[in-house]
Structures are given as C-alpha cells and as structure tokens.
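Work through these exercises on helix packing and aromatic pairs. Each task is followed by a stepwise solution.

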Amino acid sequence: MKQVGLATYTLPLQGKTLTEQMVQYLEAFDHAETAGHNLAVAQEAKGLAERFQVNADKAYSTGLLHDVSVVIPHDQRIALQIAVGEPILDAERQAPFLLHQQQSALLVKTVFQVSDPDILSAISCHTTLKAHYRRLDLVVFLADKIKWDRKDQAPFLTGLLDRLDDSLEAAAGYYMDWLFAGDLVVPHPWAVAAKDNTCASVDVRRD
C-alpha cells in the first residue's frame with residue numbers, strides 16, 4: 001500500500017506574493033484551473049468583506065487558498081487524514097471529497113506557513129460551514145458558492161444574491177435550503193448544524 005503523507009504535497013514556494021505562490025503551487029500539480037477558481041473566490045470574498053465590514057485582507061487571502069488541497073486525490077484523502085492523526089466523520093468516509101476543506105487548511109498551515117486562526121477556520125469550513133461560524137467563515141462560504149466552479153450556472157445564484165440584500169446569514173440560509181432540497185451528496189454534521197443556525201439567526205424570505 002502506498003504511504004501517504006504531507007511530504008507528498010510539500011513544495012518549496014516560489015513568488016513574492018501569496019497570490020503568486022498559490023498559482024505556482026497549483027500549477028506544479030497541474031491544477032491551473034483551480035488556481036483560477038481560487039482567484040475568483042478571493043476577489044468575491046474581498047468584495048463581500050468590504051460590503052459587510054469584515055477584514056478584507058483576510059477574506060482575500062482565505063479565498064486564494066481555500067481549495068489548495070485539490071492536489072490530493074480523493075482516493076488518498078482518508079489515508080492522509082489517518083496519517084496526520086485527524087478524525088474522520090462517517091459522512092467523510094462516505095464522501096471523502098468533503099475532507100478537502102480541512103485538508104486545505106492543513107496544507108495552508110504547513111506548506112504556506114499561514115497560522116491566522118480566522119483564515120484557517122474559514123478555509124476548514126468553506127464547503128459545509130459549521131455550527132459556530134464566524135463572519136469571515138460566512139463571507140468565504142458564500143464567495144465560494146457565488147463563484148460556482150461547475151460548468152453550468154449556479155441554479156441558486158439569483159436567490160442567494162437577493163438574500164444578500166438582507167444579510168450574510170440570509171444568503172447562507174437560502175443556499176442551505178437549496179442544498180438540502182436536492183443537491184446534497186451526504187448530510188455532513190457541520191452543514192446540518194450550520195443550516196439550523198442560519199435558519200435560527202434570520203427569517204429567510206421565500207420565493
């Protein structure tokens with residue numbers, strides 16, 4: 001069995017800026033397309049942060065790095081999680097790609113040497129959100145959804161943008177309603193808890 005560890009995904013970083021380092025890192029693993037997605041999310045996160053009085057520099061940096069664990073194949077995620085001694089939830093065993101948010105935070109900390117707890121928190125829950133989310137978590141979570149990385153247009157986009165006129169929580173609640181209504185692969189406990197909290201935080205308007 002092939003041994004999996006962080007050393008497999010560790011490269012000397014090149015470039016003077018975090019943006020250059022992220023792009024170089026992903027291109028080295030043939031993931032230039034994800035680098036483009038990260039850049040788009042970073043710009044969107046910065047704009048949302050400025051709109052909602054959240055630290056824009058942290059939002060931009062978080063967006064830049066949120067998907068760097070794309071370099072880890074999905075069939076290696078469980079083995080890596082075991083190798084680094086991190087827990088695995090049942091939902092993540094069923095759908096290992098869900099580990100990518102936490103493993104991005106791991107790579108950001110170990111490879112990119114970023115230790116800011118706000119940035120690491122937002123990266124580690126950018127797909128599912130979590131129960132006790134911070135405002136930066138919400139900003140990056142929503143920026144990632146607005147800059148949908150699938151080929152088609154996000155079917156929830158118009159409604160989500162409309163709810164942003166109310167609040168970050170309203171927009172997140174709208175997306176969660178859409179997700180749980182049909183696009184959910186497996187109910188991750190963090191997403192379940194986040195859905196309950198966003199619904200409790202605001203009276204989400206319906207179409």
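**Exercise 1.** Classify Phe 29 and Tyr 9 by burial, then characterise their ring pair.

*Solution.* The model is predicted.
- Step 1. Phe 29 has a relative accessible area of 22%. Buried means under 20% and exposed over 50%, so Phe 29 is partly exposed.
- Step 2. Tyr 9 has 5% relative accessibility and counts as buried.
- Step 3. The ring centres of Tyr 9 and Phe 29 are 6.4 Å apart, with 40 degrees between the planes; the pair is tilted.
- Step 4. Tyr 9 sits in the segment before α1, Phe 29 in the loop between α1 and α2, so the pair ties together parts 20 residues apart in sequence.

**Exercise 2.** What is the geometry of the pair Tyr 25 and Phe 112?

*Solution.*
- Step 1. The centres of the Tyr 25 and Phe 112 rings lie 5.3 Å apart.
- Step 2. Their planes stand at 75 degrees, so the pair is edge-to-face.
- Step 3. Tyr 25 belongs to helix α1 and Phe 112 to the loop between α6 and α7, so parts 87 residues apart in sequence are tied together.
- Step 4. Tyr 25 is buried at 0% relative accessibility. Phe 112 is buried at 6%.

**Exercise 3.** How do helices α1 and α2 pack?

*Solution.*
- Step 1. Helix α1 (residues 18-28) and helix α2 (residues 32-51) have axes 7 Å apart, at an angle of about 155 degrees.
- Step 2. Angles over 145 degrees count as roughly antiparallel, so α1 is roughly antiparallel to α2.
- Step 3. The crossing of α1 and α2 is right-handed.
- Step 4. The residues of this contact comprise 6 nonpolar, 3 polar and 1 charged.

Note on methods:
Residues are numbered from 1 along each chain as its sequence is written. This is a predicted model: local features need pLDDT of at least 70, side-chain atom pairs count only at pLDDT 80 or more; totals for chains, interfaces and linings use all residues. Side-chain values use heavy atoms; hydrogens and water are left out. Axes are lines fitted to C-alpha atoms, for helices over the stretch in contact, and angles run from 0 to 180 degrees between N-to-C directions. Helices (H or I, at least four residues) and strands (E, at least two) are DSSP runs, numbered from the N terminus. Angles under 35 degrees count as roughly parallel, over 145 as roughly antiparallel, 65 to 115 as roughly perpendicular and the rest as oblique. A crossing is left-handed if the near helix is turned anticlockwise from the far one by less than a right angle, and right-handed if clockwise. Ala, Val, Leu, Ile, Met, Phe, Trp, Tyr, Cys and Pro count as nonpolar, Asp, Glu, Lys and Arg as charged, and the others, Gly among them, as polar. Rings of Phe, Tyr and Trp (its six-membered ring) pair if their centres lie within 6.5 Å; planes under 30 degrees apart count as stacked, over 60 as edge-to-face and the rest as tilted. Buried means under 20% relative accessible area, exposed over 50%, partly exposed in between (1.4 Å probe, protein chains only).
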